[in-house]
Amino acid sequence: MSKKILFTASTMSHIENFHLPYIEEFRRQGWEAKAIALPVSKRFFSFKNLRAILYTRKLLKKENFDVISSHATLAGIVTRLAVMLTGKDRKRMKVFHTAHGYLFHDDKSLKKWAYLLPEKLCGAVTDVLMVMNHEDLAIAQKYKLCGKSNRIYYINGMGIDLSRFLPRKATAEQKKAFGIDENDFVFVYAAEFSKRKNHQLLLKGFARAIEKLKELESKGELPNGLSAPAGLSAQRLKLVLAGDGILFDKTKALAAELGIEDQVVFLGYIKNMDELYPCCDVAVSTSRSEGLPFNIMEAMACGLPVIASDIKGHRELIVHEENGLLFESENQNQLADLMTEIYRNPTGRSRFSISALEKVRGFSISKVLPLIIDIYKENYFTPI
């Protein structure tokens with residue numbers, strides 16, 4: 001009889017974006033692999049999450065899985081609490097949890113403990129823990145988030161497909177398909193419209209960058225090597241937002257309120273980011289919390305320099321003024337300064353682009369997948 005593995009996450013899009021190559025690899029090696037999106041609520045203490053725990057427990061007892069592979073915060077907690085409730089069936093399962101970024105910092109805030117305590121509780125049934133940045137690794141080791149086994153591994157994310165995301169020059173026609181004019185200078189942010197992704201800060205910073213450029217231009221300080229075919233060169237700036245989410249309409253209203261709606265493109269959710277990135281000049285992220293962000297790695301793989309908030313996850317990928325720029329999280333003026341600076345500095349953009357391409361090679365799925373599969377094999381066939 002073949003071995004059985006269950007992958008759990010909060011959404012099917014998460015499974016599709018991160019785990020399909022792993023599911024396929026397990027199947028290639030003769031395992032029966034299944035993946036489910038758990039019906040969870042983003043509020044920890046909700047009846048929906050309780051129902052999700054009971055649903056998962058029933059599934060675990062019925063299907064007789066040998067390995068459980070849980071992912072991210074909510075789905076990981078729900079899955080492992082369900083494992084706790086399986087009683088004697090727990091003995092035949094090995095639980096591998098992958099943290100896609102802890103939603104807290106190692107500080108003294110109440111928020112930290114609200115997230116940390118459930119992780120510590122679930123650590124009791126976690127046989128193997130994988131983390132995606134060195135700051136989360138330090139947290140997991142300090143607070144013993146993998147229970148008695150203490151088998152904690154750092155991984156370079158889930159890996160990205162460098163044969164798909166690669167630097168290339170887009171045509172005017174390709175740009176037009178995304179609402180981009182040939183002479184536009186484009187910042188791009190691919191993210192869910194949520195509080196954590198912080199689009200509000202980005203729009204305000206972008207509006208301030210436009211104002212700053214207009215001020216410079218009024219003084220005759222045009223960016224070196226750049227022309228202004230449509231009048232003020234600040235009019236060349238465009239911000240492209242790819243994604244959907246609960247704050248989509250509110251963000252769109254803010255763009256209108258700031259008077260920049262003509263320079264912001266709301267694309268909604270798109271799957272062909274590999275075609276969008278080559279149409280853009282700089283990737284940006286104002287996220288408040290990340291594990292190891294795919295959007296940044298994909299942009300880097302396409303040769304884009306990056307401006308990002310100075311948070312864990314971003315710091316794992318971006319070295320300030322080496323392969324991108326970091327701004328103090330929540331600092332709108334600093335963000336605007338860096339957007340202005342990178343627009344005016346084509347030499348710096350080229351240097352960042354070269355360094356970004358070098359950095360991202362280590363995160364290729366062709367390198368990462370075999371290492372992660374080895375972690376599963378080594379720990380499944382070794383007593384814990």
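## Report on a predicted single-chain model

Thr56 is buried, its relative accessible area being 0%. The model is a predicted one. Thr56 belongs to helix α3, and beyond its sequence neighbours up to four places away it touches Leu38, Val78, Thr79 and Ala82. Between the C-alpha atoms of Thr56 and Gln263 there are 46 Å, with the two positions 207 residues apart along the chain.

Phe47 lies in the same helix, α3, which covers residues 47-63. In contrast to the buried Thr56, Phe47 is exposed, because its relative accessible area of 67% is over the 50% limit. Phe47 joins Leu50, Leu54 and Leu85 in a nonpolar surface patch, and together these residues have about 430 Å² of accessible area.

### The chain as a whole

The chain contains 15 helices and 12 strands. A compact globule of 384 residues would have a radius of gyration near 21 Å, and the chain, with 22 Å, agrees with this. Along the principal axes, the C-alpha atoms fill a box of roughly 75 × 40 × 35 Å. Buried residues make up 55% of the 384. Among contacts with a separation of 6 or more, 74% come from residues 24 or more positions apart. The exposed area of the chain is about 17700 Å², of which carbon and sulfur atoms supply 52%.

### Helix α14

How far apart should the ends of helix α14 be, at 1.5 Å a residue? The helix has 15 residues, 346-360, so the expected span is 21 Å; the end C-alpha atoms are 21 Å apart, in agreement. Its buried residues are Gly348, Arg349, Phe352, Ser353, Ser355, Ala356 and Val360. An α-helix has 3.6 residues a turn, so residues three or four places apart point the same way. The elements that cover the buried residues of α14 include the strands β7 (185-190), β10 (282-285) and β12 (324-327), together with the helices α11 (294-301) and α13 (332-343).

### Salt bridges

The count of salt bridges comes to 20. Three of the pairs are listed here.

| Pair | N to O distance | Separation in sequence |
|---|---|---|
| Lys142 and Asp106 | 3.1 Å | 36 residues |
| Asp136 and Lys312 | 2.6 Å | 176 residues |
| Glu290 and Lys197 | 2.5 Å | 93 residues |

The salt bridge between Lys142 and Asp106 links distant parts of the chain: Lys142 is in helix α6 (residues 134-142), and Asp106 is in the loop between β4 (94-99) and α5 (110-123). Asp106 counts as partly exposed, at 38% relative accessibility.

Helix α6 also holds Asp136, whose partner Lys312 sits in the loop between β11 (306-309) and α12 (314-317). Are the two residues of this pair buried or exposed? Asp136 is buried, with a relative accessible area of 0%, and Lys312 is buried as well, with 3%.

In the pair formed by Glu290 and Lys197, Glu290 lies in the loop between β10 and α11 and Lys197 in the loop between β7 and α8 (199-218), so the bridge ties together parts that are 93 residues apart in sequence. Glu290 counts as buried at 7% relative accessibility, and Lys197 counts as buried at 10%.

A network of salt bridges links Lys4, Lys34 and Glu63.

Technical notes:
Residues are numbered from 1 along each chain as its sequence is written. This is a predicted model: local features need pLDDT of at least 70, side-chain atom pairs count only at pLDDT 80 or more; totals for chains, interfaces and linings use all residues. Side-chain values use heavy atoms; hydrogens and water are left out. Helices (H or I, at least four residues) and strands (E, at least two) are DSSP runs, numbered from the N terminus. The expected span of a helix is 1.5 Å times one less than its number of residues. Buried means under 20% relative accessible area, exposed over 50%, partly exposed in between (1.4 Å probe, protein chains only). Contact means heavy atoms within 4.5 Å. Patches are made of residues with over 30% relative accessible area and no salt bridge: like charges are joined within 9 Å, nonpolar side chains (Val, Leu, Ile, Met, Phe, Trp, Tyr) within 5 Å. Accessible areas come from the Shrake-Rupley method with a 1.4 Å probe; for residues, only the protein chains shown count as cover. A salt bridge is a side-chain nitrogen of Lys or Arg within 4 Å of a carboxyl oxygen of Asp or Glu. The radius of gyration is taken over C-alpha atoms; the globule rule is 2.2 Å times the number of residues to the power 0.38.
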